[in-house]
Amino acid sequence: MTLRGPLCRLLRTQLNNTCQSRAHSVAVLGAPFSKGQKRGGVENGPKAIRDAGLIERLSHLDYPVHDFGDLSFQHLEKDEPYMHVPFPRTVGRANKLLSGAVSNAVGAGHTTIMLGGDHSLAIGSVEGHAKQRPDLCLIWVDAHADINTPFTSPSGNLHGQSVAFMLKELQNKMPELPGFSWVKPFLSAKDLVYIGLRDVDPGEYDILKDLGVQYFTMRDIDRLGIQRVMEVTFDHLLSRKQRPIHLSFDIDAMDPSLAPATGTPVNGGLTYREGIWITEEIHNTGLLSVMDLVEVNPDLGASREAVESTASMAVDVIASALGQTREGGPITQESQTLKEDTEQLRL
Ligand SMILES: NC(=[NH2+])NCCC[C@H](N)C(=O)O
Ligand SMILES: [Mn+2]
Ligand SMILES: [Mn+2]
């Protein structure tokens, strides 16, 4: 949704002012957790992303950055699988802790960055965000839909099921998992958009179709171009009212040539420029409220370079979601509008 013309510009500036008065600072929360899947190493994601210079990069942006360090999660000794789902109580408890931390950070007025850890952490992150901002919408950038229920999941892994815990429409398709009694579904299917899908399980496909979820596969991105994809995304989520955005960014959305150190890489992913375009456009709405950056697994890189490129990709999309631009100075809506107008005049 690109607003043009003087009236729209006025509206946009006003919207932006309200948004900017809401969040003047950034909170970084590390979530070193891996039990949403079976491979070790993704608990070292927050360290790898910090080592790639995250905090230093964010310090060049306009607002104060508060690094709250890493949460400390307990691994429960007695945690039998439920059906074929491993570590349900451990995952449930970790997410409850994270939910409280995200809720506090958002409540304190911070735009919050959650560093994972595996993608099961989105359950707590989005739930905690929704406690403060029940009107939020969710943009899920990922090769995967992560919308399996324990009945449809081929692997049993909870990082492939996060969205199913959130959606009201799936309430009676979800069993009562031990560890999750605290989560009540809070999101409607119409408040969710996927970008980057290319590895969707059969049961997930049925759910997406049944619920009429808006999604863009890599094929859709090839066809429409990423600019149009973002316009339709914002039209879908924001045209009726402006509301906070939760961006849940799985690093495996990026092409594995850019982000190889991750547990479930899938060929044919986002290019560097598509990834950055997505986060720039989200920044430009002025509505980003919480961002998850998950699934960086430094133990899975084939070399030190592979790990470093994955972590630095993560830093780049986070910095760009928070306003780092490709033209140097921080782009404001004003300067962006001026530039668009000049570009139009030139045409
Ligand atoms: N967050 C992720 N990387 N998810 C991968 C999920 C893979 C597969 N769809 C599953 O449910 O097991
Ligand atoms: Mn994924
Ligand atoms: Mn994911």
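Me: How are the donor residues of the manganese ion (ligand 3) spaced in sequence?
Reply: The spacing of those donor residues is H-x22-D-x3-D-x103-D. Please note that this is a predicted model.

Me: Which residues coordinate the manganese ion (ligand 3), and at what distances?
Reply: Coordination comes from His119 through ND1 and from Asp142, Asp146 and Asp250 through OD atoms, at 2.1 to 2.2 Å.

Me: What bridges ligand 3 and the manganese ion (ligand 2)?
Reply: Asp142 bridges the two manganese ions, ligand 3 and ligand 2, which lie 3.2 Å apart.

Me: Where in the chain are His119 and Asp142?
Reply: His119 is in the loop between strand E3 (110–116) and H5, whereas Asp142 is in the loop between strand E4 (137–141) and helix H6 (162–166). The two residues are 23 residues apart, and the pair links distant parts of the chain.

Me: Is Asp142 buried or exposed?
Reply: Asp142 has a relative accessible area of 0%, so this residue is buried. His119 is buried as well.

Me: What are the protein donors of the manganese ion (ligand 2)?
Reply: They are Asp142 (OD), His144 (ND1), Asp250 (OD) and Asp252, which is listed with OD twice, and they lie 2.1 to 2.4 Å from the ion. In sequence, the spacing of the donor residues of ligand 2 is D-x1-H-x105-D-x1-D.

Me: And why does His144 count as buried?
Reply: The relative accessible area of His144 is 11%, and buried means under 20%.

Me: Changing topic to helices: at what angle do H4 and H5 pack?
Reply: Helix H4 (residues 88–107) and helix H5 (residues 122–132) pack at about 40°, and their axes are 7 Å apart. That angle makes H4 oblique to H5. Their crossing is right-handed.

Me: Which residues make that contact?
Reply: On the H4 side they include Asn95, Leu98, Ser99 and Val102. On the H5 side they include Ala122, Ile123, Glu127 and His129.

Me: How many residues of the contact are nonpolar, polar or charged?
Reply: The residues of the contact of H4 with H5 divide into five nonpolar, nine polar and two charged.

Me: One more residue: where is Met218 found?
Reply: Met218 is found in helix H8, which covers residues 218–224. Met218 has 8% relative accessibility and therefore counts as buried.

Me: What is Met218 in contact with, leaving aside its neighbours within four places in sequence?
Reply: Met218 is then in contact with Gly196, Leu197, Arg198, Gly268, Gly269, Leu270 and Glu274.

Me: How are Met218 and Val307 separated?
Reply: Their C-alpha atoms are separated by 24 Å, and the two residues are 89 residues apart along the chain.

How values were computed. Residues are numbered from 1 along each chain as its sequence is written. Chains are lettered from A and ligands numbered from 1 in the order in which they are written. This is a predicted model: local features need pLDDT of at least 70, side-chain atom pairs count only at pLDDT 80 or more; totals for chains, interfaces and linings use all residues. Side-chain values use heavy atoms; hydrogens and water are left out. Helices (H or I, at least four residues) and strands (E, at least two) are DSSP runs, numbered from the N terminus. Buried means under 20% relative accessible area, exposed over 50%, partly exposed in between (1.4 Å probe, protein chains only). Contact means heavy atoms within 4.5 Å. Axes are lines fitted to C-alpha atoms, for helices over the stretch in contact, and angles run from 0 to 180 degrees between N-to-C directions. Angles under 35 degrees count as roughly parallel, over 145 as roughly antiparallel, 65 to 115 as roughly perpendicular and the rest as oblique. A crossing is left-handed if the near helix is turned anticlockwise from the far one by less than a right angle, and right-handed if clockwise. Ala, Val, Leu, Ile, Met, Phe, Trp, Tyr, Cys and Pro count as nonpolar, Asp, Glu, Lys and Arg as charged, and the others, Gly among them, as polar. Donors are N, O and S atoms within 2.8 Å of the metal (3.2 Å for Na, K and Ca); water is not among the atoms, so sites may look incomplete.
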